[in-house]
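Got your viewer open and a cartoon view ready? Let's take a walk through this one, stop by stop.

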Amino acid sequence: GFNNFADKIVLEPAAKGYRKLPSPIQSGISNFLGNLRMPLVILNQFLQGQGSNAMQSTGRFVINSTVGFLGLIDVADKVGLEEKEEDFGQTLATWGVGDGFFVVLPIFGPSNLRDTGGMVLTLMTDPINAYAVREGEAWLVPLRTSVNAVDQRSKIIDEVNALRNNSVDYYAAVRSSYYQNRKAAIKNIDD
């Protein structure tokens, strides 16, 4: 209930406002945030034994961080280096760690025990966040998290509203959708 309330009052309106920004600005923000995630994506690809993907992602990171002006422009995609997402929850799943039970985390939304552990690992190991904290700029961590949440939410406004408006049991629908999306991500199946 808390997340639904927070989403309707804060996150969805912010995401709708964000969608009104010119497309190049939205793309630039999304690209920049994706580029900031790349070091951990690369680490997780190595941990999952995806050496080829890790090398491609390293190329993406280098190209977008330099020629793409810190990742604002996704130059790497234009040269055939496709973005792939990997996280610690997927790594733990690859290593055989089971889901655990389903949870809905305040603010962060649907998860399970394994993916919550993965999220904690991400927070503890993210080099960008660590650098910001070390430099006395810890305020950047919640700012980055908030902007990322708005960016991600803006991409699924219609899907979430359809699920909310058309589900007999919204909780069950969210849980089912979460597990389907995570299973596809773990198996590296494109949506």
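Before the first selection, a word on pairing: two strands count as paired if DSSP finds at least two bridges between them. Strands and helices here are DSSP runs, numbered from the N terminus. One caution as well: this is a predicted model.

**Stop 1: the hairpin**

Select residues 102–105, which make up strand β1, and residues 109–112, which make up strand β2. These two run antiparallel and are joined by four bridges. Now pick out Leu105 and look across to β2: its bridge partner there is Gly109. Do the same with Val104, and you land on Pro110 in β2.

Together β1 and β2 make a hairpin, with three residues between the strands. Which residue in the turn has a positive phi? Select Ile107: its phi is about 70°. Most residues other than glycine have a negative phi, and most peptide bonds are trans. Ile107 sits in the loop between β1 and β2. Is its side chain buried or exposed? Ile107 counts as exposed because its relative accessibility is 61%, and the cut-off for exposed is over 50%.

**Stop 2: another positive phi**

Jump to Leu70, in the loop between α3 (51–66) and α4 (75–78). Leu70 is not a glycine, yet its phi is positive, near 65°. With a relative accessible area of 57%, Leu70 is exposed.

**Stop 3: two arginines under cover**

Next, select Arg164 in helix α9, residues 157–166. Is Arg164 buried or exposed? Its relative accessible area is 14%, so Arg164 is buried; the limit for that label is under 20%. Show its surroundings as sticks. Leaving out residues up to four places away in sequence, Arg164 touches Asn4, Asp7, Lys8, Glu12, Arg153 and Tyr170.

Follow that list to Arg153, which belongs to helix α8 (residues 140–154). Arg153 is buried too, with a relative accessible area of 5%. What does Arg153 touch, not counting residues up to four places away in sequence? Light up Asp7, Leu11, Glu12, Ala15, Val160, Asn161 and Arg164. Keep Asp7 and Glu12 highlighted: both are on the contact list of Arg164, and both are on that of Arg153.

**Stop 4: a tyrosine in α10**

Go back to Arg164 and step across to Tyr170, one of its contacts. Tyr170 lies in helix α10, residues 170–186. At 25% relative accessibility, Tyr170 counts as partly exposed. With residues up to four places away in sequence set aside, Tyr170 touches Asn4, Val160, Leu163 and Arg164. Try the distance tool here: from the C-alpha of Tyr170 to that of Val160 is 9.9 Å, and the two are ten residues apart in sequence. Asn4 is worth a click as well, being a contact of Tyr170 and a contact of Arg164.

**Stop 5: out to α2**

Move on to Ile25, in helix α2 (residues 23–47). Ile25 is partly exposed, at 42% relative accessibility. Draw a line from its C-alpha to that of Ala14: the two atoms are 15 Å apart, and the residues are eleven apart along the chain.

**Last stop: zoom out**

Clear the selections and look at the whole chain. How many helices and strands does the protein have? You should find ten helices and two strands. Starting from the N terminus, the order is α-α-α-α-α-β-β-α-α-α-α-α.

For overall dimensions, the C-alpha trace spans about 50 × 40 × 35 Å along its principal axes. The radius of gyration is 17 Å, which agrees with the value near 16 Å that a compact globule of 191 residues would have. Of those 191 residues, 35% count as buried.

Contacts can be tallied across the chain too: among those between residues at least 6 apart in sequence, 61% join residues at least 24 apart.

Finally, turn on the surface. About 11100 Å² is exposed, and carbon and sulfur atoms supply 66% of that area. Colour the side chains by charge and you have 18 positive and 20 negative ones. The centres of those two sets lie 3 Å apart.

Technical notes. Residues numbered from 1 in each chain as written. Predicted model: local features only at pLDDT ≥ 70, side-chain atom pairs only at ≥ 80, totals over all residues. Heavy atoms only, no water. Rg over C-alpha atoms; globule rule 2.2 N^0.38 Å. Buried < 20%, exposed > 50% of the residue type's maximum accessible area, 1.4 Å probe, protein only. Contact = heavy atoms within 4.5 Å. Areas by Shrake-Rupley, 256 points an atom, 1.4 Å probe, with all protein chains shown as cover. Lys, Arg positive; Asp, Glu negative; His and termini not counted. Charge placed at Lys NZ, Arg CZ, Asp CG, Glu CD.
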